[in-house]
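Reader: I'd like to go through this one slowly, asking why things get the names they get. Can you walk me through it?

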Amino acid sequence: MQKLDASEISELYGFCQKLARSAGAIILQGSKAILEQKGQQGSANEKKNAVDLVTEWDVKVEEFVKQQIKENYPNFAFIGEESYSAGDQNPITAAPTFCVDPIDGTTNFVHGFPYACISIGVIYEKSPLIGVVYNPFLDQLYHGLKGHGSYLVSPLHPSPLRLPLSNPAPLHSLSEAQIAVEWGSDRSKEVMEAKARTFARLAGDGSSKGGVEGGRMVHSLRSLGSAALNFAYVASGGMDIYWEIGCWPWDVCAGVVIAQEAGGFVSGSSKVPLMGVVDEQILTGRKYIVIRGIADTSGETGLETQKRLIKEFYETVEEWAPN
Ligand code: IPD
């Protein structure tokens with residue numbers, strides 16, 4: 001297996017950030033073209049179904065990124081959303097691997113909702129090492145390197161701000177949480193009904209007689225349409241939890257590093273032991289949960305609270321097999 005030393009890792013980290021910005025410029029160009037075409041047919045094509053969208057720009061951005069990687073890191077493996085859809089379904093091997101979603105939040109991109117990004121992760125020794133998530137619409141760059149923290153760079157914060165953006169607050173119970181969930185692209189009856197029951201239990205008032213059974217009445221549920229940015233917002237502290245079934249390694253790989261380096265705890269399905277280590281099983285498991293860093297209290301460490309709240313969360317939701 002190819003070993004990377006500290007200076008190679010640091011160079012690679014810089015490369016990923018530069019690459020994300022260059023790819024972001026193409027995303028903006030694409031958005032302009034799509035908005036100019038609005039009302040005309042054909043700006044997006046369907047993949048699995050009518051809500052699983054891909055545009056020529058997803059493909060263009062991935063081709064650009066792949067080419068840059070080939071020129072600079074020819075020995076690295078590559079896993080990318082559009083290459084995967086086109087049949088290039090590389091497994092995670094021992095080789096250092098780029099794991100890329102060229103446009104995460106394609107539906108937002110198509111609709112002109114400025115919540116989309118490029119997500120560039122690097123997997124090393126089968127676990128996420130580097131994460132870079134760039135939203136070109138807001139010019140917000142989130143980046144993290146395992147063991148070295150994660151940061152936000154934006155026009156408001158030109159010198160990197162360490163994440164989370166404020167000292168982690170306590171989070172005593174699920175009912176105090178703002179939680180990101182997504183509609184996803186599996187709209188089958190079975191999944192929609194399980195989601196509806198889950199969302200009702202999370203949001204509903206279960207305290208009174210005749211209320212929502214098992215209702216946790218969380219502060220709110222948010223459905224913003226980009227897994228990578230959801231991870232970044234949990235890392236920042238603006239979102240407390242993000243949970244989704246059905247997304248893919250390229251949606252989450254970069255975000256995992258950014259969130260973990262900000263004190264977040266990432267895990268997989270309810271069956272996965274709460275170890276806080278994202279291995280190949282979690283990365284490819286297509287079920288993800290992340291909870292932000294939480295302050296210690298007199299009775300419980302932040303880590304204990306994170307684990308307790310994840311357990312409480314899994315007692316509340318229903319799980320299904322990702323399609
Ligand atoms: C999607 C987004 C969305 C999530 C889906 C992903 P894409 O990625 O992250 O928020 O709900 O599971 O597939 O298709 O826009 O790259």
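**Why is it called that?**

Author: Let's start with Glu182: apart from its neighbours within four places in sequence, Glu182 is in contact with Lys195, Phe199, Ser223, Leu224, Gly225, Ser226, Asn230, Tyr242, Trp243 and Glu244. Keep in mind that this is a predicted model.

Reader: What makes those residues count as being in contact with Glu182?

Author: The cut-off is a distance: contact means heavy atoms within 4.5 Å. Lys195 and Glu244 are among the residues that pass that test with Glu182. For Glu244 there's also a backbone figure: the C-alpha atoms of Glu182 and Glu244 are 6.5 Å apart, although 62 residues separate them along the chain.

Reader: Why is Glu182 called buried?

Author: Buried means under 20% relative accessible area. Glu182 has 10% relative accessibility, so Glu182 counts as buried. As for where to look, Glu182 sits in the loop between β10 and α5.

Reader: Where is Val266, and is Val266 buried or exposed?

Author: Val266 is in strand β13. Its relative accessible area is 1%, and the cut-off for buried is under 20%, so Val266 is buried. Leaving out neighbours within four places in sequence, its contacts include Phe231, Val256, Ile289 and Val290. The C-alpha atoms of Val266 and Val256 are separated by 6.9 Å, with the two residues ten apart along the chain.

Reader: And what makes Thr305 buried?

Author: Same recipe: the relative accessible area of Thr305 is 3%, and buried means under 20%, so Thr305 is buried. Thr305 belongs to helix α9, residues 302-316. Beyond its neighbours within four places in sequence, Thr305 is in contact with Leu171, Ile294 and Glu300.

Reader: How do you know that β10 and β12 pair, and in which sense?

Author: Two strands pair if there are at least two bridges between them. Strand β10 (residues 178-180) and strand β12 (residues 241-245) have two bridges, so they count as paired, in the parallel sense. Across that pair, Ile179 stands opposite Ile241 in β12.

Reader: What sheet do those strands belong to, and why are some of its strands called edge strands?

Author: They're in an open sheet of five strands, ordered β11-β10-β12-β14-β13, with mixed pairing. The edge strands are β11 (220-222) and β13 (265-267), and each pairs on one side only. From one strand to the next, the twist averages 15°.

Reader: What makes you say that helix α6 packs on this sheet?

Author: Helix α6 (residues 227-236) touches β10, β12, β13 and β14 (287-291), and its direction makes about 155° with that of β12. How covered α6 is can be counted too: nine of its ten residues are buried. Among them are Leu229, Asn230, Phe231 and Val234. After α6 comes Gly237, which has a positive phi near 105°.

Reader: What about the other open sheet, the one with seven strands?

Author: Its order is β3-β4-β5-β6-β7-β8-β9, and the pairing is mixed. Here the edge strands, each pairing on one side only, are β3 (77-80) and β9 (157-162). Within it, strand β5 (residues 117-124) and strand β6 (residues 127-135) have seven bridges, against a requirement of at least two, so they count as paired, and the sense is antiparallel. One of the partnerships joins Ser119 to Val133 in β6.

Reader: Which helices lie against that sheet?

Author: Helix α1 (residues 6-37) packs on it, touching β4 (97-104), β5, β6, β7 (140-145) and β8 (150-154), at about 30° to β6. Helix α2 (residues 56-72) lies across β3, β4 and β5, and runs at about 155° to β4.

Reader: Last one: how much space is in the largest pocket, and what lines it?

Author: The largest pocket holds about 860 Å³ of space. There are 41 lining residues, and the closest to the centre are Val51, Asp52, Gly184, Ser185 and Glu244. Elements giving two or more residues to the lining include α3 (81-85), β4, α5 (189-203) and α7 (249-261). The most comes from α4, with four residues. Sorted by class, the lining has 15 nonpolar, 13 polar and 13 charged residues.

Terms used: Residues are numbered from 1 along each chain as its sequence is written. This is a predicted model: local features need pLDDT of at least 70, side-chain atom pairs count only at pLDDT 80 or more; totals for chains, interfaces and linings use all residues. Side-chain values use heavy atoms; hydrogens and water are left out. Axes are lines fitted to C-alpha atoms, for helices over the stretch in contact, and angles run from 0 to 180 degrees between N-to-C directions. Buried means under 20% relative accessible area, exposed over 50%, partly exposed in between (1.4 Å probe, protein chains only). On a 1 Å grid over the protein atoms alone, a cavity is a set of points where a 1.4 Å probe fits but cannot get out, and a pocket is an open set with protein on both sides within 12 Å along at least five of seven lines; lining residues have an atom within 4 Å of a point. Grid points are joined across faces, edges and corners, and a volume is the space filled by probe spheres set on the points. Ala, Val, Leu, Ile, Met, Phe, Trp, Tyr, Cys and Pro count as nonpolar, Asp, Glu, Lys and Arg as charged, and the others, Gly among them, as polar.
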